[in-house]
Amino acid sequence: MRRILKIAATALAGGVALASLPAAAQDKPDAYTIGAMLQLTGTAAASGVFQQNGIAIALDEINADGGINGTPLAIVTEDQGCNPRIGVNAMNKLVHVDHVPASMIGCSGVSLAAAPIAERSDVLLLNAGAVSPALANASPYLLNSIPLANQQAKVMVDYAINTLNLKKFAVYYRNDDLGHDLNEFLEQEIPRQGGEYLGSASYDTTATHHAPQITRLKAMQPDAVFAATLGNETGTILKQSFELRFTPVWVGYSGFENSTTPRIGGEAAEGQFYTVNSSSDESGNMYPEAKHFYDEYQKRFDKSPSAVGYIALQYYEATHLLADAMRMVDSAKQPMTGDNIRKALLKLDGFKSVYGLTSFQENGEVLKPIMVKTIKDGKFEDVKLYTNEEVAGL
Amino acid sequence: MTELITQLIINGFVSGARYGLVALGFALVLSVSGYIHFAHGAICLIAGYVFYSLWVQLAMPWPVAGLGTMAAGIALALFAYLAVYRQVPRKSAHGVFICALGMMIFLENSAQLFWGSESLSLRAGGQGASYLIGQAVLTDIGLATIVTAIALLAVMVCFMRATRTGRAMRAIADHRDMANVVGINVQRITIVAFVISAILAVPAAVLAGLDEGLVPHLGTELILSAVAATIIGGIGSLSGAVIGGLLIGIVQNLAAGWLPTSWMNSITFLAMFMFIAFHPSGLFGKKLTQVEV
């Protein structure tokens, strides 16, 4: 009897000891998992590999640095094909199967389609590549770590009118959410800045032959054509335009910066202008964090910064941003939810990123310096930097 | 206005000739075998990529690259017929169609895996010539496309009329069973049709690669227009396929001058549906009593 009582007392004591362990230690996962919905197939797939590689470099650095306060970070990658229908399937899988609290995303149509799902599922979406103006205020659960096309277009139009002295504009846009939204924005913005909006033409996202539209644009006789295009198409459009002897100044946004633009555009791409968030300071020196990234990319994937462009850097930064936010949430012993990660990201006011100082705004946009660049001898070259203050003042 | 219309018509002839080139091979296989050879678009695509690898990456002389491309195209076409289509019972119209569609998707995705998603071009901008017709511009590739389409059509018409194999193909297209009865080796002639369609894919692919660049979904774009051209021109008529292509090209481009350019593809299929509804035999096809697919 005494022996039975001894055993019972020992078991009870052990149970009390186990129950008194901190709740956080019991709830700590083996790894924190987030998602990455990338365009690995489809018409924008050319940028998918850069997204993946940028994320891979960041993930290795984060886990080498102890992950999320000692817990490894894992990333589940899903293909969204730059197609909203496929993107919704990818989003649902990340929510219901992988139970991620946050995910990186790209492509405007996909981001807009996934945003309502993210909102009702408490998943934070961080868009690092899509630039449609409609992405601002789309959802409190959608933050954009890339200047949206309206910010970039303001800068480009300002430079085209006030520096290049171009007055008459036409717009050639991709027949998707980004293209439509950007064309609508430019229809107001160009006259607002003192230019003349002559008209527009659009092309299907799968189109490879642009002669009819180029002919129509040519008939408008513009000084400049704003290309709301994606990188994989821009070079072909410039080339076909040149061959049809239509040679306005082509201006654009970050969609220009793709290795195919000078490679396929050739002579047609020389001297055209575009904007992109800048990884160089006002003196033209690359920020140390950006330089580190491009050196690492060259070492691992044997591609120069000019061939890599900005998209890999964007997703490298986005991965680090999410990790930083998750560390803040974990340190505060809060549940790792989409809402808590969102609040942490909004608190990262003026954080030092690969682009110098960056801040998220309440409407989901980000303020970053924007560089006007050109293509010279087949390479992307800096022309003029617009600081955060100058961009905000336009 | 005159300059605009002239340019749109010239563009129309160039686009139309491109559709006609692809439609020529597609229509030949359709009329001889009855198969809706959707994979022909993907074979054109792969031919373009193979030519790129041989001519640009390996710097082979273009005749050698061309022969290598033909060999690859022929291999794929024969695989499509012998290993895929022929395994499906002829009476199963849906089965053959689904197999053809499946092959196209498989080949397009394989192309993306092997050559990547980035656009590849056989020639960069600024390396070509262009000619003025009044104020309108005709590029060297555009001219080459028109000339090639007309030349290959002429060759095929002569082949179908003046050679034994060509006459056998016409007999099979006319009445397959009767052709069998009179001793025509239908199987062998069908194989020849697939081989010729693959050979015809090469100039279409090279010209597309020079002008538009190569992207994984190009095959779908090419074959959809080819199907529309074949239907409008009339199933069974090679001349009809090319003329159908030209018509589509001209209508598309003229419409682009005034309608939103996003309507261009819709116009192609609207024209095709109207022909199916009101004139299913097309412009030059035989009157249809039964559609065999």
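User: How many residues does the contact take from chain A and from chain B?

Analyst: Happy to help! In this predicted model, the contact takes 36 residues from chain A and 34 residues from chain B. On the chain A side, strand 7 (196-203), helix 8 (211-220), helix 9 (231-243) and helix 10 (260-265) each supply at least two residues. Helix 9 of chain A gives the largest share of that side, with 7 residues.

User: What makes up the side of chain A that touches chain B, by class?

Analyst: That side has 13 nonpolar, 16 polar and 7 charged residues. If you are counting along, glycine is placed among the polar ones.

User: Why is A:Cys82 called buried?

Analyst: The cut-off for buried is 20 or more other C-beta atoms within 10 Å. A:Cys82 has 27 of them within 10 Å, so A:Cys82 is buried. You will find A:Cys82 in the loop between strand 2 (73-79) and helix 4 (84-96) of chain A.

User: What makes the phi of A:Cys82 worth a look?

Analyst: Phi of A:Cys82 is near 50 degrees, a positive value in a residue other than glycine. Most residues other than glycine have a negative phi.

User: How do you know that A:Cys107 is buried?

Analyst: Here is the count again: A:Cys107 has 32 other C-beta atoms within 10 Å. Buried calls for 20 or more, so A:Cys107 is buried.

User: Where is A:Cys107, and what is its phi?

Analyst: A:Cys107 lies in the loop between strand 3 (102-105) and helix 5 (108-121) of chain A. Phi of A:Cys107 is near 70 degrees, a positive value in a residue that is not glycine.

Key:
Residues numbered from 1 in each chain as written. Chains lettered and ligands numbered in written order. Predicted model: local features only at pLDDT ≥ 70, side-chain atom pairs only at ≥ 80, totals over all residues. Contact = placed C-beta atoms within 7 Å. Helix = DSSP H or I, 4+ residues; strand = E, 2+ residues; numbered from the N terminus. Buried ≥ 20, exposed ≤ 12 C-beta atoms within 10 Å, placed from the backbone.
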